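Here is a walk through one protein chain, from its overall make-up down to a few side chains worth a look. Have the viewer open and follow along.

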Amino acid sequence: MSGKLDKGGEKVLRFIRSTLFIMLKANYSKAAVYFTGETLEEQLLASEALHANRIESFEHDYVTYENGRENRKTKTVSELNWHSLITRGDTVFSKHPIHNTLNRWGLDLANVETVQPLLEKKRRKYRADGLSLKEFKETAHYKATLQRVIELYGGPLSNGASLFQYQLEGAALIASRRRLLLGLDMGLGKTLTTLVGLTSNASNKKIIIVTMSRNIADWVREMKVLGLQKDYIELRHPTDLKSDKRIHIVSYERWASEIILFKEKLHAECPDCVHGFNWDSAKQRCNSCNKSFKASEERYTIKDLPGECPMCVQEWCKGNLFCDCGFTVVKSRKKALYRFFNRSYDACAVDEAHLIKNGTTKRSRSIRAIKTKTRIALTGTPAENGADDLYWPSTWIYGDSHHFENPFELQRFQAYGRKGEDNFRGYFGGASRQAVMDSKSIEARVSHQEKLWDLLDKFMFRKKKTDIDVERDVRIPEPQHRRLHLALEEAERNLYDKRLDEFREWYASEYARKDSADARGDVYRISTIEVCQWLDKLRKVASCPWVQPDYDYSTSVEPVKLQVTKEKIKEYARTGKKLLIFTAHKQTAEELGVLLDTVAPGMRAAYIHGGVPMAYRHDLMDQFQNPDHPLSILVMTMRTGAESYTLTEAKAVILYDLDFNSKKIEQCYSRAVRLGQKDVVEILWLVAVDTIDANLHALVLSKKSGVDLAIDRQELDFVQVSKEFEAGENVELDPGIDYQQFATDMLKRGTSRADYVS
């Protein structure tokens with residue numbers, strides 16, 4: 001039966017109504033409301049009643065994105081699922097069309113009163129989640145929470161400092177809103193704000209904080225400021241999760257990574273007589289000299305696996321820890337801590353939340369395994385490369401299991417997980433990816449930004465150093481940017497052109513293979529990894545040519561970037577000021593740390609990269625922060641130095657070369673431009689003209705433009721940026737030059753696709 005009843009159907013209906021009256025029970029599951037009778041016949045009758053009157057379902061139009069293309073689709077949606085009931089009006093069950101339909105069929109509903117209150121509760125939550133933070137701050141709940149935060153933490157803290165107004169507001173939102181992206185700019189006190197917010201809510205009886213290992217000391221320091229030093233435990237083992245301490249803190253490394261203990265390496269032949277044909281690998285015994293041997297003290301590692309299996313002598317499958325014969329290089333393994341996560345936690349704070357932007361990583365999956373009522377994500381850079389970086393952090397904040405829990409109201413996206421990420425990227429991500437070798441202009445990578453802003457308004461509390469209310473409190477001087485474009489000296493120019501010719505030759509051969517494959521009807525893909533390796537070679541030549549074995553040392557002229565850096569050091573030596581230098585490459589950092597150590601009397605230099613032990617890093621930074629210590633030049637790699645460190649003694653920052661990530665660069669110079677900085681910091685960008693440096697510079701500005709538009713609603717001020725462009729002494733510049741035209745020319749003077757494709 002379906003649609004309008006015919007005369008025969010009306011007779012059946014009258015018969016049912018006159019002879020049968022069935023009481024249905026209203027029940028609900030996690031997904032929907034449903035009705036049950038005493039027998040299967042009664043349930044079938046109820047189902048037919050709903051189907052005949054088209055109550056059970058309706059068609060819903062939605063949009064997906066595949067490979068950047070918009071696809072419109074239609075799906076059938078149950079009218080009785082929670083999402084439909086919550087979002088489609090304020091109907092109560094007693095007035096819902098379903099009630100009249102069932103009555104006409106001789107069916108009645110019992111215990112509706114148990115379902116209606118739950119529906120109203122879900123509706124209230126949905127409406128609250130749909131409020132912007134600005135609207136939410138007008139509610140009585142928020143105002144009462146703010147008052148409680150002020151009562152608990154509004155006075156001077158144990159270190160004599162007091163919370164700023166924006167910190168009190170952020171803490172109150174954490175305590176009352178419970179699902180929040182705390183987007184305070186770098187150096188504005190996210191850690192302290194989060195601890196205040198989490199501990200101000202008495203229902204947060206057990207809290208877990210996930211952060212980088214290098215940040216744990218910062219969290220512990222702030223806990224001591226709040227008098228919480230006896231109320232925390234650092235998680236190291238699964239049993240620690242059972243601790244009754246209120247605050248549990250754990251590093252990403254321990255939380256997400258599996259711990260593997262590798263076996264000692266087995267001998268492939270007799271260590272004494274080298275008679276391989278009489279060697280028993282399984283017993284590690286030589287039958288020729290009649291001796292048994294212990295395994296080597298050296299262990300296998302994930303980067304040092306055997307070339308062939310010590311047991312069956314078959315070629316070892318790359319990346320595997322086991323051989324088909326049963327032999328394994330693993331002695332023991334411990335599961336990552338997140339595998340032992342239990343439901344006892346009430347709240348979770350995830351530090352450096354931009355690190356979970358890639359949904360396929362262990363780190364991201366381990367965070368999304370945390371299910372708590374309160375979920376707070378902390379990051380000063382909510383998006384680093386584009387609007388699509390927001391997808392996975394926001395998915396964790398709100399949960400992605402059920403449509404009705406989605407406060408985004410983006411009904412166009414009826415997919416979650418990887419499919420949802422594609423939809424999010426297609427709708428908000430802006431233009432397609434830019435080719436590095438063709439970056440000649442600045443183009444913001446964001447789309448539908450007004451709707452994105454509406455979305456962010458509901459869950460992101462964002463404050464920047466330049467905001468009026470923040471600037472009034474923290475008073476951090478705005479840095480001065482100088483973009484210095486430098487022409488390479490003859491020796492480095494020759495080397496760069498040589499490396500470009502090698503790249504061109506390699507690419508031409510790869511393109512020839514691709515053409516041949518196309519002619520045969522086969523598929524041949526040029527390796528993206530190898531292309532990136534060539535780009536990296538060009539980057540290194542443009543920045544640190546003297547480490548290349550084919551660099552011409554006969555010239556007495558130093559590479560231009562090294563010249564400029566040394567002059568800058570001498571300039572600052574005269575005023576006793578310190579400076580930071582950032583590079584994308586580990587070897588460059590080491591070389592500069594040595595070469596710059598003797599440039600100016602009384603100014604020592606040192607370097608930090610991922611291979612430098614953590615304790616030694618902190619020693620160096622303590623020395624740098626001591627105004628009386630001679631360590632005045634600190635060279636850091638961008639990946640290592642971009643986060644967590646406070647280096648406000650620096651009065652200048654040199655970006656020796658660039659990273660592909662625009663926000664990573666901003667994080668680098670924010671080590672100096674942060675709370676506690678009293679002086680104007682000079683940021684010097686060194687860009688080699690007619691090299692890949694110029695391409696990276698344009699790419700960085702494009703990404704920054706898109707992220708700033710998406711997150712902070714302000715487009716890149718190109719007029720201001722163009723005024724920051726300067727030429728080095730060996731680049732001719734007319735005093736009456738048009739700055740904006742000069743900037744445009746500089747952005748174009750890189751390496752283009754035509755340089756390596758004939």
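## The chain as a whole

Residues 24 or more positions apart make up 72% of the contacts in the chain that have a separation of 6 or more. Keep in mind that this is a predicted model. The chain has 758 residues, and 51% of them count as buried. Its secondary structure comes to 26 helices and 24 strands.

## A covered helix

Start with α23, which spans 662–669. This helix is mostly covered, with 8 of its 8 residues buried. The buried residues of α23 include some charged names: Lys 663, Lys 664 and Glu 666 are among them, along with Ser 662, Ile 665 and Tyr 669. What lies over them? The cover on the buried residues of α23 includes the strands β18, β19 (578–583), β22 (650–655) and β23 (682–688), plus the helices α22 (638–641) and α24.

## Empty space inside and at the surface

Rolling a probe the size of a water molecule over the atoms shows where empty space is left. In this model there are 2 cavities of 30 Å³ or more. The second largest cavity has a volume of about 40 Å³, and α23 turns up again here: α23 and α24 (692–712) each supply at least two residues of its lining. Which helix gives the most to that lining? It is α24, with 3 residues. The lining of the second largest cavity includes Lys 663, Glu 666, Val 707, Ile 711 and Asp 712, as well as Gly 380, Thr 381, Pro 382, Ala 383 and Arg 462. By type, the lining residues of this cavity split into 4 nonpolar, 2 polar and 4 charged.

Now for a pocket. The second largest pocket has a volume of about 1,000 Å³. Its lining has 41 residues, and nearest its centre lie Asp 218, Arg 221, Glu 222, Thr 646 and Arg 674. Four helices, α8 (165–177), α9 (190–200), α10 (216–225) and α21 (614–625), each supply at least two residues of the lining of this pocket. The largest share, 5 residues, comes from α10. The lining of the second largest pocket divides into 14 nonpolar, 16 polar and 11 charged residues.

## Salt bridges

The chain has 31 salt bridges. Here are three of them.

| Pair | N to O distance |
|---|---|
| Arg 123 and Glu 120 | 3.2 Å |
| Lys 514 and Asp 518 | 3.5 Å |
| Glu 682 and Lys 568 | 2.2 Å |

The pair Glu 682 and Lys 568 links distant parts of the chain: Glu 682 is in strand β23 and Lys 568 in helix α19 (residues 560–573), 114 residues apart. Both ends are buried, Glu 682 with a relative accessible area of 11% and Lys 568 at 5%. The two also belong to a network of salt bridges that links Arg 482, Lys 568, Glu 571 and Glu 682.

The other two pairs sit within helices. An α-helix has 3.6 residues a turn, so residues three or four places apart point the same way. Arg 123 and Glu 120 are 3 residues apart in α5 (residues 116–130), so about one helical turn separates them. Arg 123 is buried at 2% relative accessible area, while Glu 120 is partly exposed at 24%. Lys 514 and Asp 518 are 4 residues apart in α17 (residues 490–520), again about one helical turn. Lys 514 counts as partly exposed at 29%, and so does Asp 518 at 42%.

## A buried arginine with no partner

Which side chain of opposite charge is nearest to Arg 617? That is Glu 253, 8.8 Å away, and Arg 617 is buried yet has no salt bridge. Arg 617 is placed in helix α21. Leaving out residues up to four places away in sequence, Arg 617 touches Ile 608, His 609, Gly 610, Val 612, Thr 640 and Tyr 645.

## Two positive phi values

Most residues other than glycine have a negative phi. Asn 290 has a positive one, near 60 degrees; this residue is in the loop between β12 (285–286) and β13 (291–292) and is exposed at 53% relative accessibility. Arg 475 also has a positive phi, near 55 degrees. Arg 475 lies in the loop between α16 (468–474) and β18 (480–486), and with a relative accessible area of 59% Arg 475 is exposed.

Conventions:
Residues are numbered from 1 along each chain as its sequence is written. This is a predicted model: local features need pLDDT of at least 70, side-chain atom pairs count only at pLDDT 80 or more; totals for chains, interfaces and linings use all residues. Side-chain values use heavy atoms; hydrogens and water are left out. On a 1 Å grid over the protein atoms alone, a cavity is a set of points where a 1.4 Å probe fits but cannot get out, and a pocket is an open set with protein on both sides within 12 Å along at least five of seven lines; lining residues have an atom within 4 Å of a point. Grid points are joined across faces, edges and corners, and a volume is the space filled by probe spheres set on the points. Ala, Val, Leu, Ile, Met, Phe, Trp, Tyr, Cys and Pro count as nonpolar, Asp, Glu, Lys and Arg as charged, and the others, Gly among them, as polar. Buried means under 20% relative accessible area, exposed over 50%, partly exposed in between (1.4 Å probe, protein chains only). Lys and Arg count as positive and Asp and Glu as negative; His and the chain ends are not counted. A salt bridge is a side-chain nitrogen of Lys or Arg within 4 Å of a carboxyl oxygen of Asp or Glu. Contact means heavy atoms within 4.5 Å.
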